[in-house]
Protein chains: 2
Amino acid sequence: MEKVGSFRFVAEPYLTDFRGRVTLPMIGNYLIHAASGHAEERGFGFSAMSERHTAWVLSRLAIEMNEYPAAFTKIRVYTWIDGVERFFTSRCFELADEEGKTFGFARSIWAAIDGTTRRPTALDREALGGYVSERPCPIERPGKVRPAESRDEAGVAYTVKYSDLDINGHINSVKYIERLLDLFDIDRFRTGEIARMEVAYLSEGKPGMPLIFHKAESAPGKYDLAVLSGGNAICRAAVAWR
Amino acid sequence: MEKVGSFRFVAEPYLTDFRGRVTLPMIGNYLIHAASGHAEERGFGFSAMSERHTAWVLSRLAIEMNEYPAAFTKIRVYTWIDGVERFFTSRCFELADEEGKTFGFARSIWAAIDGTTRRPTALDREALGGYVSERPCPIERPGKVRPAESRDEAGVAYTVKYSDLDINGHINSVKYIERLLDLFDIDRFRTGEIARMEVAYLSEGKPGMPLIFHKAESAPGKYDLAVLSGGNAICRAAVAWR
């Protein structure tokens with residue numbers, strides 16, 4: 001089995017934003033689809049993990065887009081593992097068109113958690129290591145995001161809704177992206193676009209948690225975002241506009 | 001070309017709700033995908049309509065589900081036109097598994113609007129009429145929804161966000177479904193499920209419109225929903241739980 005997986009998508013016109021472009025949440029769905037498919041094909045996907053009573057959990061995600069694909073575009077997502085640690089794997093992505101033009105890159109960090117304790121479990125480094133590829137992914141790794149809450153004390157209160165939850169009963173990782181982007185005024189998307197977004201999923205968001213969303217500008221066009229529950233950050237993110 | 005179109009989907013586990021079931025917004029996306037594909041294959045899709053400077057607009061939608069497909073289920077959506085009027089076509093859907101077991105049915109009403117005036121234009125009844133199928137769709141047609149606002153005067157104020165908008169810059173028809181379902185408490189989805197939802201799209205929701213969402217119980221387990229802007233309903237819906 002090849003180290004790099006390749007998955008095809010079409011930018012459905014009824015799923016694009018008002019610019020007729022694929023949205024970051026949609027790209028998030030492409031990446032999760034590709035990651036799941038790539039792992040499944042190589043024997044370490046959802047089914048194999050379930051048998052070991054474990055599950056992959058997305059811990060960090062960084063997406064950098066040079067260009068957002070327009071409606072009807074045929075998109076190819078390449079994905080590969082670029083590193084395996086004791087508790088984490090690092091997975092890269094490239095989004096391109098059918099002719100090979102790159103739209104953007106993404107990096108992600110995944111942990112395998114135990115189904116009962118919800119704590120990270122040690123990975124089978126030998127098995128996973130066989131799939132590590134040297135294919136280049138020329139974007140910065142997801143880093144540390146500064147706390148937005150100290151510079152935006154009020155924040156916006158939010159109650160978790162039915163549509164926020166995933167199959168584990170926790171807030172869906174792509175829904176975080178959607179809710180975080182919606183902190184920006186629509187007009188911001190008319191005059192600019194997001195060059196890079198990174199998200200740190202710190203702990204599982206559950207229904208009934210009273211959440212507060214914070215947003216603070218850290219430099220011109222750069223923002224730190226945070227989702228807090230009872231004073232603790234459950235998610236942090238950073239967005240750079242161009 | 002056959003009158004009935006058939007489209008295949010897989011219930012992606014990362015897109016299901018906390019029950020591990022396909023959601024109504026996801027089903028809405030399947031139906032729009034199938035409707036677009038069916039029309040495109042028969043020469044009256046997005047491209048052909050664009051050339052005539054017109055576009056299909058969803059006017060009414062009713063979905064009845066006996067059972068919501070579980071994660072990983074292979075789903076087949078059949079779609080066909082069951083009637084063509086001067087300004088409207090009526091399109092039906094059946095959702096089934098690969099063995100032919102029916103999950104549910106849906107009915108929809110579409111208008112072709114002029115790109116400039118945004119008013120309905122007369123349809124080519126002869127051309128479209130050739131595709132009308134008699135295949136049964138044993139659910140009630142979308143009907144009149146009673147105003148919820150007279151029984152829920154306060155309502156919930158809502159500001160349109162980036163993620164609500166579609167390629168036309170208006171509120172996405174599936175996003176209405178999501179926002180309307182989110183008026184119900186999460187616990188409601190633990191103890192019951194929605195047997196039927198119908199939506200009447202009355203006028204285009206635009207960014208900057210101050211919206212108020214209303215919900216009123218009309219009978220045990222039955223709700224009328226409404227989205228108002230400046231005192232006018234831009235969307236009405238009805239939900240029946242079981």
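Select the residues on both sides of the boundary between chain A and chain B, and look for polar contacts: in this predicted model, 16 residue pairs, both members at pLDDT 80 or more, are in polar contact across the interface. Two salt bridges are counted between the two chains, and one to display is the pair B:Glu178 and A:Lys175, whose side chains meet at 2.4 Å, N to O.

Next, colour chain A by secondary structure and keep only the side that touches chain B, where the elements giving two or more residues are helix 1 (24-41), helix 4 (173-181) and helix 5 (186-191) of chain A. If you then colour that side of chain A by residue class, you will find 16 nonpolar, nine polar and nine charged residues.

Now show the surface of both chains together. The contact draws 34 residues from chain A and 34 residues from chain B, and the area buried between them is about 3000 Å², with carbon and sulfur atoms giving 61% of it. Select A:Tyr14, A:Tyr162 and A:Ile167 here, since these supply 27% of the area that chain A buries against chain B, which is more than any other three residues.

Finally, step back to view the whole pair and superpose one chain on the other: chain A can be laid on chain B by a turn of 180 degrees, with a shift of 0.0 Å along the axis and an RMSD of 0.0 Å. The two copies are therefore related as by a two-fold rotation axis. The same surface serves both copies, as 100% of the contact residues of chain A recur in chain B.

Technical notes:
Residues are numbered from 1 along each chain as its sequence is written. Chains are lettered from A and ligands numbered from 1 in the order in which they are written. This is a predicted model: local features need pLDDT of at least 70, side-chain atom pairs count only at pLDDT 80 or more; totals for chains, interfaces and linings use all residues. Side-chain values use heavy atoms; hydrogens and water are left out. Copies are superposed by least squares on the C-alpha atoms of residues with pLDDT of at least 70 in both. Contact means heavy atoms within 4.5 Å. Buried area is the accessible area (1.4 Å probe) that two parts lose on being put together, summed over both. A salt bridge is a side-chain nitrogen of Lys or Arg within 4 Å of a carboxyl oxygen of Asp or Glu. A polar contact is a pair of N or O atoms within 3.5 Å; within protein, one must be able to donate a hydrogen and the other to accept it, and residues adjacent in sequence count only if both atoms are side-chain atoms. Helices (H or I, at least four residues) and strands (E, at least two) are DSSP runs, numbered from the N terminus. Ala, Val, Leu, Ile, Met, Phe, Trp, Tyr, Cys and Pro count as nonpolar, Asp, Glu, Lys and Arg as charged, and the others, Gly among them, as polar.
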